[in-house]
Amino acid sequence: MILQLKRLFERNGDRLALDNVIPLEELRDYGEGESFAAPISIKGSIINRAGMVSLDFACSVSFRHTCDRCLDSFVRDYSFEFEHILTKDRADPDDDSVYCEGGALDLTELTVSDIFAELPTKILCAEDCKGLCPICGKNLNLGGCGCNAEE
Ligand SMILES: [Zn+2]
Ligand SMILES: [Zn+2]
């Protein structure tokens with residue numbers, strides 16, 4: 001999802017309200033085995049204050065994880081808030097403002113990278129996930145397998 005901000009960059013005091021939904025089709029390429037389970041909804045604003053353009057937004061995310069212990073897949077919901085300074089001049093590498101080439105912002109790219117920075121890299125479907133039986137491989141959350149019955 002590309003936002004054209006050329007005019008906003010040029011006009012002090014300009015403000016753009018964001019109320020966007022990034023459709024799943026735009027999210028398919030992200031996630032390597034895990035994936036977004038629903039479109040991402042975004043609410044926020046982009047404001048030009050005396051030439052300084054800032055972006056603030058909140059997003060709700062539904063993400064399909066793979067449990068590290070039982071390997072089952074499950075969906076968890078999150079809400080995040082992010083803020084950035086936007087620049088249309090090529091930013092120097094030490095600057096963490098977001099470079100908008102030609103005044104265009106790729107909101108999908110930015111939102112997804114913000115989200116991946118926040119999502120846990122190790123996660124369990126439940127704190128007390130019982131995992132897989134080391135002998136037969138059954139998911140023990142679904143019931144016992146009998147392997148340890150003799151002990
Ligand atoms: Zn699990
Ligand atoms: Zn077993």
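User: Why is Cys133 called buried or exposed, whichever applies?
Analyst: Cys133 has 5% relative accessibility. Buried means under 20% relative accessible area, exposed over 50%, partly exposed in between (1.4 Å probe, protein chains only). Therefore Cys133 counts as buried. This is a predicted model: local features need pLDDT of at least 70, side-chain atom pairs pLDDT 80 or more, while totals for chains, interfaces and linings use all residues. Residues are numbered from 1 along each chain as written, chains are lettered from A and ligands numbered from 1 in written order, and side-chain values use heavy atoms, without hydrogens and water.

User: What class does Cys136 get, and why?
Analyst: Its relative accessible area is 45%, so Cys136 is partly exposed.

User: What makes Cys133 and Cys136 donors of the zinc ion (ligand 2)?
Analyst: Donors are N, O and S atoms within 2.8 Å of the metal (3.2 Å for Na, K and Ca); water is not among the atoms, so sites may look incomplete. The SG atoms of Cys133, Cys136, Cys145 and Cys147 lie 2.2 to 2.3 Å from the zinc ion. The spacing in sequence is C-x2-C-x8-C-x1-C.

User: How do you know the geometry of the zinc ion (ligand 2) site?
Analyst: Four donors count as tetrahedral if all angles lie between 85 and 135 degrees. The angles among the four donor atoms here are 106 to 115°. The site is tetrahedral.

User: Why is Cys67 called buried or exposed, and what does Cys67 touch?
Analyst: Cys67 is at 1% relative accessibility, so Cys67 counts as buried. Contact means heavy atoms within 4.5 Å. Beyond four places in sequence, Cys67 touches Asp72, Phe74, Ile123, Leu124, Cys125 and Cys129.

Conventions
Tetrahedral: all angles 85-135°; square planar, octahedral: opposite > 155°, others 65-115°.
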